[in-house]
Amino acid sequence: MGKTVVVSFEDAIVRIVIASIKGKEIIIHDLLTMPDDKFDDFLSREKTEDYLVIQSFRDFFQETVSIPATKKSLVRGLVESEIRKRSHIKDFSFLYEESGEKLVDNRRMKEVFLYAVPNEELRKTIQRFILRGKVVRAIYPDIFSLSCLIDSENMPVLCVSEAGLNKNLFLLNGGRMQFIRTAQSLEHGINDLDIQNINMTVNYCWQTMRLNPSLIALIGSISRDYHAAIQTPVPLACHARYRNEKITLSSFTASMAAETQDALLDFMSPISALYIPHKKEINILPEDYRRSFAARRRLQYAATSFIAASFLGVCLAVFFFSSMTGLRNRLALLREGASDAEAALAAYDKKQAELAAYAPFMESEKGTASAPDMQGFLAVLPDIRTDRIRIDSISLSAEGAVLDAELKGAVDAEGYADTQMHYERFLGALKGSKGISISKEILELRDRSFLVGIRWNPGGVPVKGGEGG
């Protein structure tokens with residue numbers, strides 16, 4: 001039962017939930033609230049390595065678009081192209097949800113809801129963790145995380161949550177996001193101005209989207225801080241009553257003896273991260289950080305496997321050495337005490353036959369010792385000149401005593417000529433390193449990305465040949 005730490009950035013404050021998940025049971029160990037400027041000190045003290053992050057984004061782009069009905073593998077590229085055409089954000093990460101298909105001019109089209117946020121804001125958040133040696137496993141927009149608590153399979157639901165003084169209004173239908181709006185407010189809780197914004201949103205949903213919400217669900221602390229006199233055109237309910245089976249105090253009473261229902265309402269955003277289904281793709285981490293995180297995990301697994309294999313090899317070597325020493329000592333005693341040379345020779349032959357039974361294990365140990373030195377290869381890379389070269393990922397595989405590696409990355413240069421020059425200089429540095437030969441080289445001038453295949457054999461002759469691009 002591992003510990004999960006969820007961090008929710010909510011304007012000027014940070015809320016933290018420390019919990020454990022055991023099967024379907026969630027045990028909350030601690031609930032913390034602190035000013036944003038105290039969070040870095042918390043990170044420095046906390047021993048947990050990786051975190052889940054909930055964040056409320058003020059600058060975002062959302063829209064429902066129609067794209068051609070095509071293979072699932074091509075949808076993400078089409079969605080990204082639509083965002084680049086329609087959005088003011090140039091460098092972004094995005095989520096999307098398919099709403100269904102319809103006929104447009106006798107063509108099958110997919111309706112897709114898309115949501116994009118600037119990478120600059122995401123990287124500022126991630127950098128706070130990196131500077132203290134921590135890893136961000138996922139970043140969830142608070143709206144999408146909270147939507148996992150709402151049952152909208154059978155009816156449209158307009159949800160209202162609070163982030164600072166802003167109110168987030170989002171429409172769910174059939175379990176999918178349909179519309180998002182952020183409205184400014186004058187105070188915490190729900191007042192007459194907020195009800196006016198809610199009523200305007202209900203009218204917009206009907207007039208523009210032809211969806212009439214069947215219910216307005218208040219999520220989190222605003223459900224207890226209601227002081228409005230204006231009525232809403234559809235029923236309004238507190239989320240705790242509406243989805244009682246998702247979050248209840250009864251699940252947490254044993255581990256939250258002093259906590260109240262009010263505390264759960266205040267911490268609804270970070271708690272919602274514990275209920276996100278595995279199949280729900282709402283992680284908005286930038287692609288470059290995802291690749292870096294995956295490469296770090298692979299290197300950790302490779303290093304752990306190497307250490308385990310080395311330890312096993314040492315144990316086997318000690319075992320074989322002890323066995324051989326014992327056999328030699330017994331053979332020496334037989335020689336000293338034997339008066340008959342023929343009897344001593346027969347005993348010697350017998351012991352030799354016993355020793356031969358261990359030959360396969362000794363050969364296996366030799367094979368283990370001849371495996372390629374992955375740490376040695378990784379130690380060579382920092383000495384290679386990489387001006388204007390960014391390496392995003394390293395893939396390693398072994399074939400006998402030879403190590404095969406693939407380096408993926410990009411050239412940070414202005415023009416094609418400058419790109420080619422720095423790339424060739426990088427290749428030259430690789431080729432000049434002892435034991436390294438190039439087996440593959442591909443350079444995409446369009447986006448300045450490259451893929452270089454390497455064979456590393458520090459004890460042998462480099463393998464010639466390769467392929468260029």
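Which residues do ring pairs link into a cluster? In this predicted model, the cluster is made up of F9, F39, F42, Y51 and F129, joined to one another through ring pairs. Across the structure, the count of aromatic pairs comes to 13. One of them is the pair formed by F9 and F129, whose rings lie 6.5 Å apart from centre to centre, with 85° between their planes. A pair of aromatic rings is described by the distance of the centres and the angle of the planes. With planes over 60 degrees apart counting as edge-to-face, the pair of F9 and F129 belongs to the edge-to-face kind. The two partners come from distant parts of the chain: F9 belongs to strand β1, which covers residues 3–10, and F129 belongs to helix α3, which covers residues 119–130. Along the chain, 120 residues separate them. Both F9 and F129 are buried.

Aromatic rings also meet charged side chains in this model. R76 lies over the face of F94, and the distance to the ring centre is 4.2 Å. A second case involves R15, whose charged end sits over the ring of F267 at 5.5 Å from the ring's centre.

Strand β9, residues 157–163, offers a good place to look at how a strand is surrounded. It is mostly covered, with seven of its seven residues buried. In a regular strand the side chains alternate between the two faces of the sheet. In β9, V157, C159, S161 and A163 point one way, while L158, V160 and E162 point the other way. Residues on both sides are buried, and this includes the charged residue E162.

The neighbours of β9 can be followed next. Strand β10, residues 166–173, runs antiparallel to β9 and is joined to it by seven bridges. Strand β12, residues 215–218, runs parallel to β9, and here four bridges make the connection. L158 of β9 has a partner in each neighbour: L171 stands opposite in β10, and I216 is the bridge partner in β12. Together, β9 and β10 form a hairpin with two residues between the strands. One residue of the turn is G164, which has a positive phi of about 65°.

Where does the chain run between α5 and β12? Among the residues of this loop is R210. Its phi is near 55°, a positive value in a residue other than glycine. R210 is exposed because its relative accessible area is 55%, and exposed means over 50%. The contrasting case is T201, a residue of helix α5, which spans residues 192–209. T201 is buried because its relative accessible area is 2%, and buried means under 20%. From T201 to P213 there are 12 residues along the chain, and the C-alpha atoms of the two are separated by 9.9 Å. Another positive phi in a residue other than glycine is found at R448, with a value near 65°. R448 lies in the loop between β16, residues 436–444, and β17, residues 449–456.

Inside the model there is one cavity of 30 Å³ or more. The largest cavity contains about 40 Å³ of space. Its lining consists of S8, F9, E10, I54, Q55, S56, D142, E162, A163 and S269. Elements giving two or more residues to this lining are β1, β4 (50–55) and β9. The most comes from β1, with three residues. By class, three of the lining residues are nonpolar, four are polar and three are charged. Several names in this lining have already appeared: F9 is a member of the aromatic cluster, and E162 and A163 are buried residues of β9.

The largest pocket has a volume of about 810 Å³. It is lined by 28 residues, and those closest to its centre are E97, G175, K279, K280 and E281. At least two lining residues are supplied by each of α2 (72–86), β6 (92–104) and α9 (287–337). The largest share, five residues, comes from β6. Sorted by class, the lining of the largest pocket has 14 charged, nine nonpolar and five polar residues.

Methods: Residues numbered from 1 in each chain as written. Predicted model: local features only at pLDDT ≥ 70, side-chain atom pairs only at ≥ 80, totals over all residues. Heavy atoms only, no water. 1 Å grid on protein atoms, 1.4 Å probe; cavity = no way out; pocket = protein on both sides within 12 Å on 5 of 7 lines; lining within 4 Å. Points joined across faces, edges and corners; volume = space filled by probe spheres on them. Phe/Tyr/Trp six-rings, centres within 6.5 Å; stacked < 30°, edge-to-face > 60°. Buried < 20%, exposed > 50% of the residue type's maximum accessible area, 1.4 Å probe, protein only. Lys NZ or Arg CZ within 6 Å of the ring centre and 35° of its normal. Pairing = 2+ DSSP bridges.
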